[in-house]
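Biologist: Could you take me through one part of this model at close range, and then show me what lies around it? I would like to see the reasoning as well as the numbers.

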Amino acid sequence: MGSVTATVAPPTTSNVILWFRTFRAITGSGFRRYSTYRQASAAGVVTNLVFGFLRCYVLLAAAGAAGTVAGYDRGQLATFVWVSQGLLAVILLWGWTELADRIRTGDIAADLLRPVHPVTSHLAADLGRAGHAALVRLLPPVLVGPLFFEVHLPRRWSTVPLFGLSVVVAVVLCFGCRYLVNATAYWLHDVRGPVVLWAVASGVLAGLYFPLRFLPEWLQLVLWLGTPFPSLLQTPLDVLVERDSTATQIGLVALQVCWAASILGACRLVQRRAERRLVVQGG
Amino acid sequence: MADRSLVDRGGTPTGPHLTGDAAPPAGGALAAYRALLGAQARSQTAYRTSFVVDLVGNVGSTVFDVVAVVVIFGVARELGGFALGEALVIVGLTTSAFAVADLLVGNIERLPRYVRTGLFDAVLVRPLGTLPQLLLMDLPLRKVSRAVFGTAVLVAAVGSAGIEWTAARAVLVVVAPLAGVVFFGSLFVATATVSFWWVDSGELANSVTYGGRDFTSYPVTVFGGWFRAVFAYGLGFAFVSYHPALALLGRADPLGLPNWVGWAAPAVALPAAAVAGAAWRTGVRHYRSTGS
């Protein structure tokens, strides 16, 4: 083809160490970039805390006098809510239109000239962003929640590393989904429609409004296997609150890994298809 | 509509040559506003498919807000001493009021962007009120679908709740959502003014606007402690949907407030509008261009 896009296989020398260095540098820049938005972070934390109280009271009321609902006890519900408010910012469910903006303005042309695949470079930057969010956005609700509510702490040692892995996979998966939503701009130019649909679907189907275990079992099965949404938020939270046995926890995370791998694959595929028809807008 | 009061004089001049003083006669201003609105309507409906997708997508979020309540009742059967039918009256009052307020005033939450990009400077030099200009420049017509759906939920909930209708209740079922619109609209405006001082306030406003919507979607009895005290009575959210719903249903308040409190919604909404208007005027006076 003789084109100069980043998705064309690089020439002969492929240096793994160099690749890792580049990835780390981009990740670091993502971290630093978001650490400059201090006011926005503080405002976001306050909002997460308010919603933590709101959702926690509602779910505890749902547990009612019996003290359990859909297999969660009161402590598990409290942990579920408060950690979900923190994780929301770590996986960044909403508000990322960077790729779509770059496509619309034509800046994407510069990205395609770089020797790093756009999916890789955006993923690296997003991991840096998530790392910053884990410190600044996840910790406050996780620390404040237990001051006001009795929370469930992990009882099995295996839960902690499994939760850590699950969160990392969720970040990658959520990035992939956002990338796909943004990539519709290659065809549509205006991504408002897809973004709205994504925002609506992801909030409720990821388990943010209520734990998906509240739904009928067949619907849970359809959602988990048929859509990536539960793997975004519900899975890490279910792993953390030990709703199920260790085997089920591992199974859920494995499913999550499958979703992340296939969505990332889809991102690369879409990117390749898009580059064949991309018309750079602007000057 | 009561938010006209804060709309009409929203843009108090910051200086003699910037706004307001050179305002055209009332008829001219009205024509100008109508032109702004017309331009918006034309530009938003220009891409018909995109607009239809937007309409559908927007109603989705409101639908899911209601679905969330129904699902939670599905596993809990009762919440804070209320059954689903009664709770839906509360949800209907909230959803209809919030959706209409969001349609009319909600886009003011973009104020931080206007301040940052300097667009607000352009708004200030025009001889029209700042607040109505901003609202009309960005009226999100796509949110009409939410308002329609919200009103439908209210009608359905009120129709199926077995309310014993009296003249007073018939008035209340109209007045309460209107007061809710004013109340939520005031919240949108008041919280947006924060960005005059704190440009990157971002999501902070959401905690009382969307947070308020979520709070008022459930019976106040669900919440507890100081959190309930602050949100329900400190900020006045209990009077948006909870107390009016009790009055409509003829239920006594489990928390002990008398039944007539249900009619107090306008008495909370109008002061809220006054506060929001004052906050807006103070904010505009405080405004210094970012220079961009």
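Modeller: Happy to. First, the naming: helices are DSSP runs of H or I with at least four residues, strands are runs of E with at least two, and both are numbered from the N terminus. Please keep in mind that this is a predicted model.

Let us start at B:G262, which sits in the loop that joins α13 to α14 (265–286) of chain B. Is this glycine buried or exposed? A residue counts as buried once 20 or more other C-beta atoms lie within 10 Å of its own. B:G262 has 24 C-beta neighbours inside 10 Å, so it is buried. Leaving aside residues up to four places away in sequence, B:G262 touches B:L172, B:H243, B:P244, B:L246 and B:A247.

One of those partners, B:P244, leads us on to a helix pair, since it also belongs to the contact between α4(B) and α13(B). Helix α4 (residues 84–105) and helix α13 (residues 242–249) of chain B pack with their axes 9 Å apart, at an angle of about 130°. The two helices are therefore oblique to each other. The crossing of α4(B) past α13(B) is right-handed. On the α4(B) side, the contact uses B:E86, B:V89, B:I90 and B:L93, while α13(B) brings B:Y242, B:P244, B:A245, B:L248 and B:L249. A helix makes one turn in 3.6 residues, so residues three or four places apart point the same way. Sorted by class, the contact between α4(B) and α13(B) holds eight nonpolar residues, one charged residue and no polar ones.

Now for another buried piece of chain B. Helix α7 (residues 130–137) has seven of its eight residues buried. Those seven are B:T130, B:L131, B:P132, B:Q133, B:L134, B:L135 and B:L136. To place α7(B) relative to our starting point, take B:L131: its C-alpha atom is 31 Å from that of B:G262, and the two residues are 131 places apart along the chain.

Chain B also meets chain A. The contact draws on 29 residues of chain A and 33 residues of chain B. On the chain A side, α2 (38–63) and α9 (192–205) each supply at least two residues. The largest share of that side, 14 residues, comes from α2(A). By class, the chain A side has 22 nonpolar, five polar and two charged residues.

Chain A carries a record annotation too. An unreviewed UniProt entry places "transmembrane region" at residues 42–65, 77–96, 162–181, 193–211 and 249–270 of chain A. In the model, residues 162–181 of chain A are 100% helix, and their end C-alpha atoms lie 28 Å apart. Residues 249–270 of chain A are 100% helix as well, with 31 Å between the end C-alpha atoms.

Finally, two backbone details that you may want to check in chain A. A:A70 is not a glycine, yet its phi is positive, at about 50°. A:A70 lies in the loop between β1 (68–69) and β2 (72–73), and with 18 other C-beta atoms within 10 Å it is partly exposed. A:E242, again not a glycine, has a positive phi of about 55°. Its place is the loop between α12 (234–240) and α13 (246–277) of chain A. A:E242 has 20 other C-beta atoms within 10 Å, so it counts as buried.

Methods:
Residues numbered from 1 in each chain as written. Chains lettered and ligands numbered in written order. Predicted model: local features only at pLDDT ≥ 70, side-chain atom pairs only at ≥ 80, totals over all residues. Contact = placed C-beta atoms within 7 Å. Nonpolar A, V, L, I, M, F, W, Y, C, P; charged D, E, K, R; others polar. Axes fitted to C-alpha atoms, helices over the stretch in contact; angles between N-to-C directions. Parallel < 35°, antiparallel > 145°, perpendicular 65-115°, else oblique. Left-handed = near helix turned anticlockwise from the far one by under 90°. UniProt positions renumbered as here; feature names shortened; annotations may be inferred. Buried ≥ 20, exposed ≤ 12 C-beta atoms within 10 Å, placed from the backbone.
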